[in-house]
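Please report on the charged pairs, the main pocket and the fold of this protein. Keep it brief and usable at the bench.

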Amino acid sequence: MLERGIVKNQTDLDDWALEIATNNLAVGAGADTADGKAGDFRGTVLISLYDRDGNIVRDFVLYKAWPRKISYGSFNAMSSDVVIQSLEICHEGLTVIQSL
């Protein structure tokens with residue numbers, strides 16, 4: 001489960017997760033969507049862990065990954081709190097790369 005504060009500009013990861021969620025697209029080879037296109041939206045995902053100085057400490061590479069669940073914390077117009085986005089990603093393989 002990845003969690004982060006919502007930012008103004010969406011990333012490719014957000015677009016990918018939202019496309020699957022909003023169109024109720026299937027995951028898996030040979031799965032068909034309503035428009036007849038293949039519904040396999042698995043991809044390779046790189047997650048980098050940074051230290052306080054902005055240096056990469058470790059990379060995680062997820063293979064044949066897809067977003068399983070995306071959710072958002074509560075929105076409150078009377079508060080200046082940051083809204084938290086949570087993203088759960090499933091995958092079929094993982095490599096951990098230790099940085100020097």
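A salt bridge here is a side-chain nitrogen of Lys or Arg within 4 Å of a carboxyl oxygen of Asp or Glu. A residue is buried when its relative accessible area is under 20%. The model is predicted.

**A buried acid without a partner**

Which residue is buried yet has no salt bridge? Asp-59 is that residue. The nearest side chain of opposite charge belongs to Arg-58, and it is 9.0 Å away. The limit for a salt bridge is 4 Å, so Arg-58, at 9.0 Å, does not qualify. Asp-59 does have a polar contact: its side chain is joined to that of Ser-48 at 2.6 Å. Asp-59 sits in strand 3, which covers residues 56–72.

**The salt bridges**

How many salt bridges does the rule give? The count comes to two. Both are listed here with the distance between their closest N and O atoms.

| Positive residue | Negative residue | Closest N and O atoms |
|---|---|---|
| Arg-42 | Glu-92 | 2.8 Å |
| Arg-68 | Glu-88 | 3.2 Å |

Take the pair of Arg-42 and Glu-92. It links distant parts of the chain, 50 residues apart. Arg-42 lies in the loop between helix 1 and strand 2. Glu-92 lies in the loop between strand 4 and strand 5 (93–98). Arg-42 is partly exposed, with a relative accessible area of 25%. Glu-92 is also partly exposed, at 47%.

Now the pair of Arg-68 and Glu-88. Arg-68 is in strand 3 and Glu-88 is in strand 4, so this pair ties together parts that are 20 residues apart in sequence. Arg-68 counts as exposed, because its relative accessibility is 53% and the cut-off is over 50%. Glu-88 counts as partly exposed, at 24%.

**The largest pocket**

The largest pocket has a volume of about 240 Å³. What lines this pocket? The lining holds 13 residues. Leu-2, Arg-4, Thr-11, Leu-13 and Leu-87 lie nearest the centre. Four elements give two or more residues each: strand 1 (2–5), helix 1 (12–23), strand 2 (43–50) and strand 4 (84–90). Helix 1 gives the most, with four residues. By type, the lining divides into seven nonpolar, two polar and four charged residues.

**Fold and burial**

The protein has one helix and five strands. Along the sequence they follow the pattern β-α-β-β-β-β. The protein has 100 residues, and buried residues make up 23% of them.

**Two further sites**

Most residues other than glycine have a negative phi. Lys-64 has a positive value, with phi near 50°. Lys-64 is placed in strand 3. Its relative accessible area is 49%, so Lys-64 is partly exposed.

Leu-49 is found in strand 2. Is Leu-49 buried or partly exposed? Leu-49 counts as partly exposed, at 42% relative accessibility. Leu-49 and Phe-60 are eleven residues apart in sequence. In space, their C-alpha atoms are 8.2 Å apart.

**In brief**

Asp-59 is buried and has no salt bridge, but its side chain has a polar contact with Ser-48. The two salt bridges are those of Arg-42 with Glu-92 and of Arg-68 with Glu-88. Helix 1 gives the most residues to the lining of the largest pocket.

Terms used
Residues are numbered from 1 along each chain as its sequence is written. This is a predicted model: local features need pLDDT of at least 70, side-chain atom pairs count only at pLDDT 80 or more; totals for chains, interfaces and linings use all residues. Side-chain values use heavy atoms; hydrogens and water are left out. On a 1 Å grid over the protein atoms alone, a cavity is a set of points where a 1.4 Å probe fits but cannot get out, and a pocket is an open set with protein on both sides within 12 Å along at least five of seven lines; lining residues have an atom within 4 Å of a point. Grid points are joined across faces, edges and corners, and a volume is the space filled by probe spheres set on the points. Ala, Val, Leu, Ile, Met, Phe, Trp, Tyr, Cys and Pro count as nonpolar, Asp, Glu, Lys and Arg as charged, and the others, Gly among them, as polar. Buried means under 20% relative accessible area, exposed over 50%, partly exposed in between (1.4 Å probe, protein chains only). Lys and Arg count as positive and Asp and Glu as negative; His and the chain ends are not counted. A polar contact is a pair of N or O atoms within 3.5 Å; within protein, one must be able to donate a hydrogen and the other to accept it, and residues adjacent in sequence count only if both atoms are side-chain atoms.
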